[in-house]
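Welcome! Please open the structure in your viewer and keep the selection tool ready. We will move from stop to stop together.

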Amino acid sequence: MSPTATSTQAPGRLVALAPGTFRIPERLGLPVHLLGARCRACGETFFPKRVFCANCSSDSLEEVEMPERGQVQTYTVVHQQLPGSAMVPPYAIVRIALPNGVAVQTVMVEGDLASLAIGDVVDLVAGRIMEDDAGNTLISYLARKAQTEKDEVRGA
Ligand SMILES: [Zn+2]
């Protein structure tokens with residue numbers, strides 16, 4: 001099943017803000033597996049998906065699920081409302097290093113932003129962004145601190 005927003009869907013469903021970016025989980029707060037691309041020729045992995053490999057220019061790439069857990073590489077906390085943004089401050093813009101070598105950028109809206117630190121273990125989870133006109137909940141992938149401090153980053 002393709003996670004796209006179509007008019008045939010029943011109202012109130014979870015719909016990806018950017019269709020095809022990740023598999024839709026059963027409910028908000030569950031881990032999200034981003035959909036990337038892996039080059040069959042050289043093995044390099046990318047997110048978002050690419051048509052051509054940036055490493056070897058091959059056009060033979062396959063869709064792969066990305067790990068849902070990574071480590072904070074860098075971040076910045078946003079305190080002011082940006083015009084037109086659905087995000088309500090305070091929140092952090094976080095760059096996350098995944099164990100497969102790919103870095104992704106997203107936001108963290110939960111947890112103690114004041115204690116957020118480089119190296120923190122975080123999960124990518126489904127978070128509500130807004131409702132659309134049909135009553136669907138538009139969701140995206142958000143960063144959330146791992147539930148226990150002892151959690152480790154698992155391999156891809
Ligand atoms: Zn390649």
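This tour visits some aromatic rings, a charge over a ring and a residue in a strand, all in a predicted model.

**Stop 1: the aromatic rings.** Searching the whole structure turns up two aromatic pairs. Select F22 and Y141 to see one of them: the ring centres are 6.2 Å apart and the planes stand at 80 degrees, so this pair is edge-to-face. F22 sits in the loop between β1 (14-16) and β2 (35-39), while Y141 belongs to strand β9 (residues 137-145), so the pair ties together parts 119 residues apart in sequence.

Now keep Y141 and add F47. Here the ring centres are 6.0 Å apart with planes at 85 degrees, so this pair is edge-to-face as well. F47 is found in the loop between β3 (45-46) and β4 (61-65), so its pairing with Y141 in strand β9 ties together parts 94 residues apart in sequence.

Show F22, F47 and Y141 at once, and you have one aromatic cluster. Are these rings buried or exposed? F22 and Y141 are both buried; the relative accessibility of Y141 is 13%. F47 is buried too, with a relative accessible area of 15%.

**Stop 2: a charge over a ring.** Select R50 and F46. The charged end of R50 sits over the F46 ring, 5.5 Å from the ring's centre.

**Stop 3: a strand residue.** Finally, select A103, which lies in strand β7 (residues 103-108). With 24% relative accessibility, A103 counts as partly exposed. Which residues does A103 touch, leaving aside those up to four places away in sequence? They are Q73, R95, I96 and A97. Add G70 as well: its C-alpha is 8.8 Å from that of A103, and the two residues are 33 apart in sequence.

Note on methods:
Residues numbered from 1 in each chain as written. Predicted model: local features only at pLDDT ≥ 70, side-chain atom pairs only at ≥ 80, totals over all residues. Heavy atoms only, no water. Helix = DSSP H or I, 4+ residues; strand = E, 2+ residues; numbered from the N terminus. Buried < 20%, exposed > 50% of the residue type's maximum accessible area, 1.4 Å probe, protein only. Contact = heavy atoms within 4.5 Å. Phe/Tyr/Trp six-rings, centres within 6.5 Å; stacked < 30°, edge-to-face > 60°. Lys NZ or Arg CZ within 6 Å of the ring centre and 35° of its normal.
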